[in-house]
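Biologist: I'd like to learn how to read a model like this one, feature by feature. Can we walk through it together?

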Amino acid sequence: MLQTLDIDATEEESLILHKYLDVDQSGLVTLDEFLPWYAEAVDAAQQTAIGFQNLVKSRRTIHKFDATEVDDGVLRRALECAIAAPNRRGTEPWRFIKLGKETVGKVVELRKKMQKGEGSFESWTKVPHWIVVTYTRAPPDSGSDRKMQQREDFKSTCCAVQNFLLSMWSEGIGTKWTDGPIQRTPEFADICGVDLDKEKIAGVIWYGFAKGGLNKADKKLRIKGVEEVLDVLP
């Protein structure tokens, strides 16, 4: 029965389910015994799908954070989701570097040196947590496949970042994936322990509790709907 429904289950799980469904203990599971369980399982699957879809559609970029620290368990769960992202050839090109306050202070000093004055960067440095995201640089001797592999690794890293952001949001934590001129400098790479001969920086993720709560986040701006982005060919 489970094979017909394309459900993977061990022999032990199948026996437990059979025992649960065999209400009259006849040794056989009748249609009347099976259908209520199946309907309940389908409904649960649908609710799970709806919940996931709502999570994806509700996520926002957070611009203002409070100073509350986020437990490292939240970070580890987000990273578990991140590294589950699809990646061509199984290269797993990503790396995530958590910056402590001392390292963030060095980035602040670099910013002051490069861009005179206060500027908006000062407010960003008050974010409680920083994660630098990198991906592997294709070796120079990798031939004609080098550009393709680099492109695929960047795409995979973007998928990983999206998984990370969604996991954080699911636990009530706001994020902002950023890029900028400072992050593209050798000095920034040195501060973060990134060897630019071997890695590229995909950006920095700021994360923390949103000031005022996630419901205070800016509305997601999307102009186009599904019908405007979907083409169906015969």
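**Cysteines, strands and cores**

Modeller: Let's start with cysteines: the structure holds zero disulfides, a disulfide being a pair of cysteine sulfur atoms within 2.5 Å. Bear in mind that this is a predicted model, where local features need pLDDT of at least 70 and side-chain atom pairs count only at pLDDT 80 or more, while totals for chains, interfaces and linings use all residues. Residues are numbered from 1 along each chain as its sequence is written, and side-chain values use heavy atoms, with hydrogens and water left out.

Biologist: Why is Cys 158 not bonded to Cys 159?

Modeller: In general, a disulfide is a covalent bond between the sulfur atoms of two cysteines. Here the sulfur of Cys 158 lies 7.1 Å from that of Cys 159, its closest cysteine sulfur, so it is too far for a bond. Cys 81 also has its closest cysteine sulfur in Cys 159, but at 14 Å, again too far.

Biologist: And how accessible are Cys 81 and Cys 158?

Modeller: Buried means under 20% relative accessible area, exposed means over 50%, and partly exposed is in between (1.4 Å probe, protein chains only). Cys 81, at 36%, is partly exposed, and Cys 158 is partly exposed at 24%.

Biologist: Now strands. Which strands pair with β2?

Modeller: Helices (H or I, at least four residues) and strands (E, at least two) are DSSP runs, numbered from the N terminus; two strands pair if DSSP finds at least two bridges between them. β1 (residues 94–99) runs antiparallel to β2, with six bridges, and β4 (residues 199–208) is also antiparallel to β2, over eight bridges. Val 132 is the bridge partner of Ile 97 and, in β4, is partnered by Val 204.

Biologist: Is β2 enclosed or open?

Modeller: Largely enclosed by the rest of the structure, because seven of the eight residues of β2 (residues 129–136) are buried.

Biologist: Which residues touch the most other members of the largest nonpolar core?

Modeller: A nonpolar core is a set of buried Ala, Val, Leu, Ile, Met, Phe, Trp, Tyr and Cys residues joined through side-chain atoms within 4.5 Å. This one has 24 residues, and Ile 62, Leu 99, Trp 130, Val 132 and Phe 188 touch the most other members. α4 gives the most to this core, with four residues. A second, separate core of 20 residues includes Val 70 and Tyr 135.

Biologist: What does Phe 188 contact?

Modeller: Contact means heavy atoms within 4.5 Å. Beyond neighbours within four places in sequence, the contacts of Phe 188 include Val 107, Leu 110, Val 132 and Val 204.
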